[in-house]
Amino acid sequence: MNNNIKLLVLACIMILSSCSGESESGQDTNANKGFLKIGSQTVELSQGYLENFGIRGNAYNIDFSLRSKSISAAEDGAVVYFELFSSLQNNLAKGDYSYGGFSEATAYTFTKWGQSLLGKNINAEKGALSITDGTSIRPTEGTFKVTENGEKYKVSFAGKGTASIYKDGVIAATQNNVSFSMQYFGDVKKSEGKIFSSSAGKKGLSPIAEKDHSPIFN
């Protein structure tokens, strides 16, 4: 009798453990996952954004951004921003995107205006992304890959860029050919991109068209 009770209790424990494992596995599957790595530093990414800036040439100007849960001064955070040209409207077509120019507006390319930041106190001010303490890097080569573009997006990047090291909001050093990478799988919030003009800062020059990065921070 005692042996039967022990076997019954053991069976119940195994069933509960199995259900718990399946539940946790389901939660992991549904969660947004990703990271940005610059040099030896890595920060997790938790949310994606896609902004449609309309047609240009024979392609669509799509901006893709990612961010970590925190971008405050309290801990290291991360923001990833890429400006790309896609063959699809309101979506990034599956495939590999290489470095290209904005003027050419060629599908399956990304421009030099991309920017990834890793460190403390990341902001969007006057149409530009800034960081108080950490690294800001702009891509100069590499491959941006889109593997999935349905209900969830799966993207990655591996390449090099020009990195600026900031201390107290001032550039302390600049390095070329710095390796950086990112991966992300999860939800993407879509919106229509907004552009505003700001003063060029010098007399006689026309205003500069800048993109509004507020969706990343709202």
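**Two pockets and one histidine**

The second largest pocket is lined by 14 residues, and Glu-44, Leu-45, Ser-46, Ser-68 and Lys-69 are those nearest its centre. Strand S1 (33–38) and strand S2 (41–44) are the elements that each give two or more residues to this lining. A word on terms. On a 1 Å grid over the protein atoms alone, a pocket is an open set of points where a 1.4 Å probe fits, with protein on both sides within 12 Å along at least five of seven lines, and lining residues have an atom within 4 Å of a point. Strands (E, at least two residues) and helices (H or I, at least four) are DSSP runs, numbered from the N terminus.

This is a predicted model, where local features need pLDDT of at least 70 and side-chain atom pairs count only at pLDDT 80 or more, while totals for chains, interfaces and linings use all residues. Residues are numbered from 1 along each chain as its sequence is written, and side-chain values use heavy atoms, without hydrogens and water.

Now the largest pocket. Its lining has 20 residues, with Glu-83, Trp-113, Ala-209, Glu-210 and Lys-211 nearest the centre. At least two lining residues come from each of strand S3 (47–56), strand S5 (77–86), strand S9 (128–149) and strand S14 (208–211).

Last, His-213, in the loop between S14 and helix H2 (214–217). Is His-213 buried or exposed? His-213 is buried (under 20% relative accessible area, 1.4 Å probe, protein chains only), at 8%. Beyond neighbours within four places in sequence, His-213 is in contact (heavy atoms within 4.5 Å) with Tyr-81, Ala-124, Gly-127, Ala-128 and Leu-129.

Technical notes:
Buried means under 20% relative accessible area, exposed over 50%, partly exposed in between (1.4 Å probe, protein chains only).
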